[in-house]
Amino acid sequence: MKFPICILISLILLTGSIAFAQTGTNYILLPEGLPVDSVVKTAAHISPSARQAAWQELEFTVFFHFGINTFAGLEWGNKDVKTKIFNPSELDARQWVRTAKEAGAKLAILVAKHHDGFCNWPSKYTEYSVKNTPWRDGNGDLVKEVSDACKEYSLKFGVYVSPWDIHSELYGTDQYNTYFENLLREVLTLYGEISEVWFDGACGEGPNGKKQVYDWMGYYKLVRELQPKAVIAIMGPDVRWVGTESGYGRETEWSVVPLPRVSIESMGVGSKHASSEDIFLPPGDMMQKELGSDERIKEAAGLAWYPSEVDVSIRPGWFYHEKEDSLVKSPDKLVDIWFSSAGRNSVLLLNLPPDKRGLINENDVKSLKGMRAILDSAFRNNLAAGAAIIPANGNPKFKPENMTDSKPGTYWTNKKGSKTASIILELKQQCSFNCLGIQEYFRDGQRVESFSLEIPDGKSWKTVASGTTIGYKRLLRFPTVHAKSVRIRINSSRDNPEISEIGLYSLPERLIPVEIQK
Ligand code: FUL
Ligand code: CA
């Protein structure tokens, strides 16, 4: 946390409003009875922590689901699956990471332990691991091989460690939490820098039929201590599950969401054991339609920057199954998912499950190459680059050209207190386009509530596309139009909008969804 909670609360109480707006913090507790417009303005100034901001800018990350399930043909395993079946014949972690890199991913998350309890590294705390398999004569360490490959190819590395354990006899007892923390400590100390720790919330039964009470706060503290730069995702305080596994995020996606009282209480605020870190229990149901709208935040006990991650598998299952070889998502489908995740203020986490040989299957590689080629050719040419930009009511300290310099760290904004904007771009020539990309300077917070894109229509302007939230990045597709001038209107915003990038692109017609074509 960048600002101690007690100081924040005193500031609010003393001034009756939120006095830290310029300071930036990734969560805040709200006094009861704060008028809704003050809550909304406060939300506009909640900003990501450094680790959250670095994660958001990755845009595209991958998962590798691989383990004993790959060989048992299962998704969740069962306690009777024997280690001897784990025997990839050609495992090549460099091929996995190279495939991810060539597809454009910036981080790879390996399943170190799934719900089945099998450890992909030779843990000293269990016999249920790679050390008791024929693979590399029991001397293999998959976590090491993947993390080494990530270093070689300059990808960030993350780990999925499932707290649920179908195999461990300790599951359902207090000793299990110690066991799990021992495993975590190994994974977090033996393999260099870890950028994302992915905790699934699943809490099923163990081999003895018991369920576990997880020590989440203990797990979080361990991650913060051993890997302070890592975001803790899903069942964790830094990154939120979007709420589906379809690949399609919300059209209205606020990164600031309400923090209910129980999450705040989990921080131990006010007690002498209070954590100095921004760690709280995730705030409940992530599957609702809108999480951060005015309606949802107006009576919140607190607010937190809690951005969305869209996880989806390139195949129907999370683990490899031969029978799904013909069901790999096509390049066009992956591109549609891209627009609906990375293009909707979320980070895309695409699962690539290596096959029984220990390789990313040819079919998956082919789809990924196809996806990359489409995205590269679509976004290579920003038709707004070099446009003359005429924003109304601008703040003279910010150059309009900051919006087309391809640098998300520079932006334009208008006068303080102004919650609408009108930005005209005179393109270098008449162009055809069907896609708008727009970004907010999210490091200061998320603000835009509604925006539209217009082109000249005789004496006035006509709307060709419109959207609600922008956030880190919003991509809008629309039927192809031809124009030399365009106008972007910010119709409403939680505070002065800070726009960091604007792009206009031309996509092959088939990539414009039929419902948009109408
Ligand atoms: C889910 C798990 O149960 C799946 O097996 C998979 O790991 C997915 C990413 O998360 O909740
Ligand atoms: Ca910029």
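**Exercise 1.** How far is an oxygen atom of ligand 1 from an N or O atom in the side chain of W76? Place this contact within the surroundings of the ligand.

*Solution.* The structure is a predicted model, and every distance below is computed from it.

Step 1. The separation between the ligand 1 oxygen and the N or O atom of the W76 side chain is 3.2 Å. A polar contact requires a pair of N or O atoms within 3.5 Å.

Step 2. Two further residues are examined in the same manner. H114 has a polar side-chain atom 2.8 Å from an oxygen atom of ligand 1, and for Y160 the corresponding distance to an oxygen atom of the ligand is 3.0 Å. On its own, ligand 1 has 290 Å² of accessible area, of which the protein covers 90%.

Step 3. The residues surrounding ligand 1 include F63, H65, H115, W198, D200, E245, D311 and W318. By class, this shell comprises five nonpolar, three polar and three charged residues.

**Exercise 2.** Describe the largest pocket, and explain why it lies between domain 2 and domain 3.

*Solution.*

Step 1. The largest pocket holds about 470 Å³ of space. Its lining consists of 20 residues, and those nearest its centre are E59, F379, Q439, K473 and Y505.

Step 2. The lining is divided by class into nine nonpolar, five polar and six charged residues.

Step 3. Helix α12 (362-379) and the strands β14 (421-440) and β18 (498-505) each contribute at least two lining residues.

Step 4. Residues of the lining come from both domain 2 (54-242 + 307-378) and domain 3 (388-517); therefore the largest pocket lies between these domains.

Notes:
Residues are numbered from 1 along each chain as its sequence is written. Chains are lettered from A and ligands numbered from 1 in the order in which they are written. This is a predicted model: local features need pLDDT of at least 70, side-chain atom pairs count only at pLDDT 80 or more; totals for chains, interfaces and linings use all residues. Side-chain values use heavy atoms; hydrogens and water are left out. On a 1 Å grid over the protein atoms alone, a cavity is a set of points where a 1.4 Å probe fits but cannot get out, and a pocket is an open set with protein on both sides within 12 Å along at least five of seven lines; lining residues have an atom within 4 Å of a point. Grid points are joined across faces, edges and corners, and a volume is the space filled by probe spheres set on the points. Helices (H or I, at least four residues) and strands (E, at least two) are DSSP runs, numbered from the N terminus. Ala, Val, Leu, Ile, Met, Phe, Trp, Tyr, Cys and Pro count as nonpolar, Asp, Glu, Lys and Arg as charged, and the others, Gly among them, as polar. Domain bounds come from an automatic or database domain assignment. A residue is near a molecule or strand if one of its heavy atoms lies within 4 Å of it. A polar contact is a pair of N or O atoms within 3.5 Å; within protein, one must be able to donate a hydrogen and the other to accept it, and residues adjacent in sequence count only if both atoms are side-chain atoms. Accessible areas come from the Shrake-Rupley method with a 1.4 Å probe; for residues, only the protein chains shown count as cover.
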